[in-house]
Amino acid sequence: MNILCIGAGYVGGPTMAMIARKCPAVKVTVVDINADRIAQWQSGSLPIYEPGLKAVVDECLNRNLFFSTDVDREIAAADMIFVSVNTPTKTFGQGAGRAADLQYWEKTARQILANSTSDKIVVEKSTLPVRTAAAMQRILDSGGGTVKFEVLSNPEFLAEGTAIADLENPDRVLIGGHDTEAGRKAVGALVDIYAHWVPRERILTTNVWSAELSKLAANAFLAQRVSSINALSALCEATEADIGEVARAIGMDSRIGPRFLNASVGFGGSCFKKDILNLVYLCESYGLSESAAYWQQVVSMNDWQQDRFVRNMVGRMFNTVSGKRIALFGFAFKKDTGDTRESPAIRVARQLVEERAEVVITDPKALSNAAQDLNNLGDRVTYEPDPYAAAQGAHAIALMTEWDCYAELDYQRIYAAMMKPAFVFDGRNRLDQQALFNIGFNVYGMGKSALSNI
Ligand code: UDX
Ligand code: UDX
């Protein structure tokens, strides 16, 4: 069997590498229009940082895992085609700022149609608005030829930083297909791929629309938990309740559960905001304005939390950060990835620059992405791989990403090198705040009482 994946990004690359590893008899090819990206995958120096990924790619590369830019030829040769191209939020026209931009998606559908001379199963891997599969099916059926296409929805639930573990041992695999003979056969073929390593009871099959909506719904629920705990973090700061204690107390209720209750400067990543805005737009399109407003608030709360973080920094530092050096520890949207898409650090850095602070950014994996995100700020931001050098002469440190390395630094040494009074704003509650306070820092966590030496 020949499997093809169109789109060699954070989703397509790791997912196909895992299929290649677990199904040695299947030939897996990944194509992308970005030739640099493909060259990097081929060279073994991967275009994304993901723990454990390199070992999987090294094991399979040129055995049954191949990367190519020849999209047309690979489409012709494939039996099953995963589509994992990006579907960013529209920046223009109807639905700008909320709806998904489906131009790459439709272009890909037309390219599949143009290059197919044998029947294909087409698998939506990208997260898409509900009923996109129907649109794709109509485009594929518009050729009038004898080639048959069956469209399935198989959304990916991996999280960055833990992608390999998530792919190896998923909570569930979700496959949506049509309840027709051809649909059931196509679903069966995809189930057989995953069944090489995923227990059958964890492979769920649904109709296509349920699979599409479940992906949006899962991300909306996860983001909603973060916004809920962040809403409470503001109340904790005002009342001397402690968000860690509250999260522990509610998380021990088995109906609530302990995960995804870490208060933070806000959620980031390529999916949460985009998918919720998509859901909001869909609700509005069906005239469901209350449902739309409900989900919109999850995003609004997240924006507010980031703005609140900066307001708190400025307020605590005597209402001015102008001319002050501020070190951002971490820029990735979460630890163990170099990905900075929608990272709260972007908004925080921009606002600090507007306040005329001198911002210096350090991150173990995300500095080049950070420089791209902030390139229009020019030399008002500097990039420094060494956290000790970043903190040298700084008035404040703001922890933006919960990288383990930042919890392990010598803060006595850092304190000695900083301006006084020295401030720490722990946007992830990842540092030993009491120990920092004992050193002499003024420490402000999320949903924590201020630990102030002044
Ligand atoms: C992203 C989102 O995270 C996911 O939710 C969405 O559903 C699909 O897009 P990701 O893999 O993280 O997934 O995106 P990205 O790393 O941007 O990869 C997409 C790849 O598709 C890029 O490498 C891009 O060059 C490629 N692409 C895009 C094509 O090959 N052809 C196109 O026409 C458009
Ligand atoms: C998410 C989903 O988890 C995954 O299933 C889907 O396929 C893609 O979107 P990802 O964005 O890679 O994955 O990371 P995730 O671990 O979900 O974190 C998202 C954001 O929420 C990060 O910025 C993270 O720091 C933040 N977060 C998460 C919190 O602020 N607090 C928490 O308790 C958990």
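This passage looks at the surroundings of ligand 1 and then at the nonpolar cores. The structure is a predicted model, so everything below is a readout of that prediction.

Start with the ligand. The shell around ligand 1 holds 20 residues, and Val 11, Asp 32, Arg 37, Lys 107 and Thr 127 come nearest. Sorted by class, that shell breaks down into 9 polar, 6 nonpolar and 5 charged residues. Two of the nearest residues, Asp 32 and Arg 37, also turn up in polar pairings with ligand oxygens. For Asp 32, a polar side-chain atom sits 2.6 Å from an oxygen atom of ligand 1. For Arg 37, a side-chain N or O atom is 2.7 Å from an oxygen atom of the ligand. Ile 33 joins in through its backbone instead, with an N or O atom 3.2 Å from a ligand oxygen. On its own, ligand 1 has 680 Å² of accessible area, and the protein covers 92% of that.

Now for the cores. The largest nonpolar core counts 44 residues, and the members touching the most others are Ile 3, Ile 19, Leu 65, Phe 82, Ile 175 and Tyr 194. Helix α8 (residues 181–194) supplies the largest share of this core, with 6 residues. Ile 175 gives a feel for the packing: leaving aside neighbours within four places in sequence, its contacts include Val 187, Leu 190, Val 191 and Tyr 194. Among its other partners are Leu 152, Ser 153 and Asn 154, along with Ile 203, Leu 204, Thr 205 and Thr 206. A second core, separate from this one, has 37 residues, including Phe 309, Val 321, Ala 357 and Val 381. As a general matter, nonpolar side chains in soluble globular proteins tend to be buried together.

Notes. Residues are numbered from 1 along each chain as its sequence is written. Chains are lettered from A and ligands numbered from 1 in the order in which they are written. This is a predicted model: local features need pLDDT of at least 70, side-chain atom pairs count only at pLDDT 80 or more; totals for chains, interfaces and linings use all residues. Side-chain values use heavy atoms; hydrogens and water are left out. A residue is near a molecule or strand if one of its heavy atoms lies within 4 Å of it. A polar contact is a pair of N or O atoms within 3.5 Å; within protein, one must be able to donate a hydrogen and the other to accept it, and residues adjacent in sequence count only if both atoms are side-chain atoms. Accessible areas come from the Shrake-Rupley method with a 1.4 Å probe; for residues, only the protein chains shown count as cover. Ala, Val, Leu, Ile, Met, Phe, Trp, Tyr, Cys and Pro count as nonpolar, Asp, Glu, Lys and Arg as charged, and the others, Gly among them, as polar. A nonpolar core is a set of buried Ala, Val, Leu, Ile, Met, Phe, Trp, Tyr and Cys residues joined through side-chain atoms within 4.5 Å. Buried means under 20% relative accessible area, exposed over 50%, partly exposed in between (1.4 Å probe, protein chains only). Helices (H or I, at least four residues) and strands (E, at least two) are DSSP runs, numbered from the N terminus. Contact means heavy atoms within 4.5 Å.
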